[in-house]
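This briefing looks at pairs of charged side chains and at how far their residues are open to solvent. Please keep the structure in view while reading.

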Amino acid sequence: MFYWGGLGSLDCAGVGLSFGDGFKHILGSKRLSELSVKRSLLAFLTADGKVTVVLLNGQSEEGQNKRQTSRGGKASSRYKRINIEVKEQIHSLNSGKHHVVLVTQAGMVWEWSEQSTITKPFKSLTNKQIAQVACGDDHSVVLTKDGQLFTWGQNSSGQLGLGKDKPSSLSPQPLKSLSGIPLAQISAGGDHSFALSLSGAVFGWGRNSVGQLGLGDREDRYVPVCVKSLNQKKTVFISCGEDHTAVLTKGGLLFTFGSGCYGQLGHNSLRDEHRPRLLGGLWGSKVSQIACGRHHTLALVGSSKTIYSFGCGEQGQLGNGQRTNQCVPLPVHLPPECSPNQTVEKIMAGGNLSFACFQDGEISADSCRGMSVLDDGIIDRWILDCENAKAWNKVKSEIKKMFSSASCINGSFIDKSDKHYKTSERHSGLDLSLARLAFEKLAQKQKILLEVESVVRQNLLRSLGSTAPGVEALRVYLILPELLRVLNKQQHGRQLAVDLASAILQLDQESLSVLRSLWTTLPYYYYRTLVKVFHSVSAHFISQMTTQICNRWDEASFPLKVLHKLHDINSRRATRLMDDYFYIKKLFEFFDSAPFFLSDQQKCSVVLNFMKNVDTLCCFPFILDLRSKRFLFSFLQERQKNLAPLLVCTNSLCVKREMVLADTLTYLRTTPPDFSLPLKVIFFLEDGFDAGGLCTEFFTLLSQDIRKASSMIQASEDSGLFWFSADTSGSSDEFYYLGVICGMAFYNHCYLNIGFPLALFKKLLHLSPTLSDLEELSPVEARSLRDVLMEDEEIVFEDILCLDFTVHGKELIPNGRQIPVTKVNRQKYVDLYVDFFLNKSVEYQFKEFARGFSCGNCFDFWRMFLPEELRLQLYGTSKYEWEELRRIATYEHCGPLDKLIQNFWTVFHELSEEHKKRFLIFMYATDRLPLGGLSQLHLKIVRCDYEDADERFPVAQTCFGTLQLPNYSNIQILGDRLIHAITCCEVFGKV
């Protein structure tokens, strides 16, 4: 080992050590294993476990300066050497300005103080296996192997990281704000501290008077704060001086920041840097090690075996044979006895001293002792030892330590390539295949797997806080579903899934937002596992409630709420799951069978008990298919009817066929109805009782009148779909009543096919329309916008398209006419264009429509439908499979093989498409079909024997789907009478 510089601020010499400009061998044949310097205190640990402290005459630097002054400026050459005796073998050490922290092989922490010269243990750290220790001038930080941080000492500038106004502490205090972050290294300067994560995230706290925390300002920090400018820089090592900091990346780049008054930042200036700045003086050289002294910095370029130094050189600590400061990195002048075949193993610096350790051969990696992580070797040993009674206790202890620590779990399955250094809100840095393999291996021994489950439930999940200090702390929420995956295969883990869901829901909004972002980019198979984990436990609880009298909603609500969040982000994923992955099919069977259960007393009790809490189910509509949602919606309506006064049970509306829209608007404006009651329609001067058919016909006529006569909407020339008229005055109430009419149709299960695009239903559900929605409404406009997005040539924007930020003369942004559309801003232009067309240009119109829709459809339960489902419920479908109609038909007074029935179906199938639709209107008052098409209708054909049958026409009972068919003498007469009937259905149809 070689050293250069001075201990303290004076040149002095003493027993066995010389301090000054030259290089000297120290300690003779003894080999150092650890060395630490702060100001005038030097502590070193030899390979045999002995600890020695060297002080200037046993006094601090301040005391030595006073002695020098009292003696007329002549410096004493004496210093004091102290051997520290500790009963246990010392493993590592680090020193502050007046103290030394020692870590024994057994993991105990001791502290020696210059004031008391007594070595004392910290009982609060007993059984805490220590991985690293770092000391500032007057404070200390330790990192345990399970990822915990403890700090103690002075807290004048927040260097303990415990929070503002927290007092100094003589005993170690847990620093919980970095809980869950898998840490690789800790470092401490004068009054500031740093922690480095395994994936290169840098956290700093303490004094920041000259920017030594790299946060862009000079405000002290009392809790750890992430240095975001170093994110994804692949930081692998941090070294702190008294008031400056150096950071080394995996690629060999060196960043420095903080005080530059001695040139210790190496930027050819004496200016302070408040943010990390790349050291340009070593550009092109891959730095392999760094070390900071009090006011100087060392950097080793391993490929050339060259040590560079810069900063304060008053004590010769730069190793250039001079006592001047240096603002740029220059090589250290190694002594002649340093053989060219020798390689620098390690460089160190502290106070005003610098050190270089040499060995023959290649450079050895300077790896910090880190926290524990789970690997194949540990798992294999657990599997081997778990059947041995004595060894099992040790295995259980190790499992408890490993799986009680979020930090250990979060650091165990990181990507082995450099990808984990890119950890961000969009990238977890995990290789989940490693987690899957690890848990599958653990599952080979159920004894181990169940022990892991118990520890995770009792310890790990309870230790998780509501605030995650960084993305790496959220990895546990991506890893534990892989554990649940193997537990589920063995019919275990349900309560663990509930507890995990509860922990996720306790996260604050910022942490939960980051987790949702990670879910969005999670690989398909692991995202599917995540969904299955919470789906299976939700389905289990719901299955219990649909087969026995019990209430498990308290347990089920946690996984269901997480499943809800997963469903919300599913549409934003590049590879999304089909909606049926989220369905709980047990509910479909239950709702289909519920009406038949009512005749069985025991099953009836189960149904009634479950339906008492059906409102809770409406909070999770994604687990239901459309059929189940329709059942649920109808059930809630019936329940509402039962709550209504007996004397008022319907809304009655009388209209003239030729004035349906006008009469309806008059009715709504003059007599606002109770929309929660079912609607019953009477056509003026017509007989008939509305059992559903008249109401259906009423809305069919309304949809025709609205499309033809209303000035509120206009049809797109490209698609034929309707949209709000942007030119309509904002004073009209027609938009409100249009919404009311649509809401009434939905609430009364009638079809009102106006022809709005899907964008309307997205907006009703507070979802943002996209370019695809504009393409449905206005294909030509949308294709033009897509061409803008696809254009590669900048010259096309400048000379051909000549677009600016306006639409139809309206500016999309302030001064939009002066801002040209370019390749750089075209996505913004398209987004603003879509927003203007579908949102801003019709803001008032839609707002009134939505208000009316909510009034006409008075239960908020309609919001459980998806946009596509909402449209299907309001419009119905027009997908006709005409053979289905024959399959569903039933017969009265005849059979399918009768000549009359054979003739009827022959005539029907020979009808044109338009006449077939007219038949549907004749039979059901609408040609719109429910989900499932014609197979969901009811058709009953009744043979009517008349003496004058050939003179009669078919009659339809629209409310009941019944066709009265006279016994025509031949197929020609049947065809003529049927076509005449369906083209004049207002006359021949009955309700």
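With which residue does Glu811 form a salt bridge? In this predicted model, the partner of Glu811 is Arg817, and the closest N and O atoms of the two lie 3.2 Å apart. This pair belongs to a wider set, for the count of salt bridges comes to 35.

**Glu811 and Arg817**
- Glu811 has a relative accessibility of 34% and therefore counts as partly exposed.
- Arg817 is likewise described as partly exposed, because its relative accessible area is 46%.

**Arg485 and Glu440**
- A salt bridge also forms between Arg485 and Glu440, where the closest N and O atoms are 3.0 Å apart.
- This pair links distant parts of the chain, since Arg485 sits in helix α7 (residues 476-489) while Glu440 sits in helix α5 (residues 432-442), with the two positions 45 residues apart in the numbering.
- Arg485 counts as buried because its relative accessibility is 18%, and the cut-off for that class is under 20%.
- Glu440, by contrast, has a relative accessibility of 31%, so Glu440 counts as partly exposed.

**Asp945 and Arg943**
- The side chains of Asp945 and Arg943 meet in a salt bridge with an N to O distance of 2.8 Å.
- Asp945 is exposed, because its relative accessible area is 55% and the exposed class begins over 50%.
- Arg943 has a relative accessible area of 26% and is therefore partly exposed.

**A shared network**
- Salt bridges with partners in common join Arg39, Asp137, Glu242 and Arg294 into one network.

Methods. Residues numbered from 1 in each chain as written. Predicted model: local features only at pLDDT ≥ 70, side-chain atom pairs only at ≥ 80, totals over all residues. Heavy atoms only, no water. Salt bridge = Lys/Arg side-chain N within 4 Å of Asp/Glu carboxyl O. Helix = DSSP H or I, 4+ residues; strand = E, 2+ residues; numbered from the N terminus. Buried < 20%, exposed > 50% of the residue type's maximum accessible area, 1.4 Å probe, protein only.
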